[in-house]
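This report goes through one chain, from a single aromatic residue outward to the chain as a whole. Please look at the sequence and the structure below before reading on.

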Amino acid sequence: MINVFSPCVTFNKVNTYDWFKENIVDLDEIPDYDSTNRVMAMTKIMETNSMLTGIIYQNTVKKSYEDSIPSFAKEGLSKQNLQLSEADFNKMLTEFK
């Protein structure tokens, strides 16, 4: 779980950039913080009223989302061959009839 803040202060005159700088806690600046400790992550969320940035929690035992989907392609879409053969195109059409 990663938390990123991108404040829009155009119409918010109370929560300005300075307010966010004073209230947001950067997890990289907490020396003993362990992002693999779920209890510590939940405690920090509650202590800071969710005003955290960085990697809050990372489960290193569970498979990643990409690894849990058998058909997930490892290379980027821009590098993949997206052309369909005529047989694949016809097969796809039959699925929508």
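Is Phe 5 buried, partly exposed or exposed? In this predicted model, Phe 5 has a relative accessible area of 28%, and therefore counts as partly exposed.

## The aromatic cluster

The structure holds two aromatic pairs. In one of them, Phe 5 and Phe 20 meet in a tilted arrangement, with 6.0 Å from centre to centre and 50° between the planes. This pair links distant parts of the chain, since Phe 5 belongs to the loop between β1 and α1 (17–23) whereas Phe 20 sits in helix α1, 15 residues apart. Phe 20, with a relative accessibility of 14%, counts as buried, because the cut-off for that class is under 20% relative accessible area.

The other pair brings together Trp 19 and Phe 20, whose rings are edge-to-face, 5.0 Å apart from centre to centre and with 90° between their planes. Trp 19 is partly exposed, at a relative accessible area of 29%. Taken together, the ring pairs join Phe 5, Trp 19 and Phe 20 into a cluster.

## The sheet and Thr 53

The sheet is open and consists of three strands in the order β1-β3-β2, with mixed pairing. Its edge strands are β1 (2–3) and β2 (25–26), each of which pairs on one side only. Between β2 and β3, which run parallel, there are two bridges, and Asp 26 stands opposite Thr 53 in β3.

Thr 53 is part of strand β3, which covers residues 52–55. Which residues does Thr 53 contact, once its neighbours within four places in sequence are left aside? With those neighbours left aside, the residues in contact with Thr 53 are Asn 3, Phe 5, Ile 24, Val 25, Asp 26 and Leu 27. The list thus includes Phe 5, the residue that also forms the tilted ring pair with Phe 20. Thr 53 has a relative accessibility of 18% and counts as buried, because burial requires a value under 20%.

## Helix α2 and the loop that follows

Helix α2 spans residues 38–47, and at its start a side-chain oxygen of Asn 37 comes to within 3.1 Å of the backbone nitrogen of Val 39. Lys 44 lies in this helix, and its side chain is joined to that of Glu 47 by a polar contact of 3.2 Å. Apart from neighbours within four places in sequence, Lys 44 is in contact with Ile 30, Tyr 33 and Leu 52.

The backbone oxygen of Lys 44 is also 2.7 Å from a polar atom of the Thr 48 side chain. Thr 48 is located in the loop between α2 and β3 and is buried, with a relative accessible area of 17%. Asn 49, which follows α2, has a positive phi near 55°.

## The chain as a whole

The chain contains four helices and three strands, and read along the sequence it follows the pattern β-α-β-α-β-α-α. Its radius of gyration is 22 Å, well over the 13 Å that the globule rule gives for 97 residues, so the chain is more spread out than a compact globule. Along the principal axes, the C-alpha trace spans about 60 × 40 × 25 Å. One pair of residues may be set beside these values: Lys 44 and Leu 93 are 49 residues apart in sequence, and their C-alpha atoms are 51 Å apart in space.

How much of the chain counts as buried? Of its 97 residues, 13% fall into that class, among them Thr 53, Thr 48 and Phe 20. The chain exposes about 8,500 Å², of which carbon and sulfur atoms supply 55%. Among contacts with a separation of 6 or more, 48% are made between residues 24 or more positions apart.

How values were computed: Residues are numbered from 1 along each chain as its sequence is written. This is a predicted model: local features need pLDDT of at least 70, side-chain atom pairs count only at pLDDT 80 or more; totals for chains, interfaces and linings use all residues. Side-chain values use heavy atoms; hydrogens and water are left out. A polar contact is a pair of N or O atoms within 3.5 Å; within protein, one must be able to donate a hydrogen and the other to accept it, and residues adjacent in sequence count only if both atoms are side-chain atoms. Buried means under 20% relative accessible area, exposed over 50%, partly exposed in between (1.4 Å probe, protein chains only). Contact means heavy atoms within 4.5 Å. Two strands pair if DSSP finds at least two bridges between them. Rings of Phe, Tyr and Trp (its six-membered ring) pair if their centres lie within 6.5 Å; planes under 30 degrees apart count as stacked, over 60 as edge-to-face and the rest as tilted. The radius of gyration is taken over C-alpha atoms; the globule rule is 2.2 Å times the number of residues to the power 0.38. Accessible areas come from the Shrake-Rupley method with a 1.4 Å probe; for residues, only the protein chains shown count as cover.
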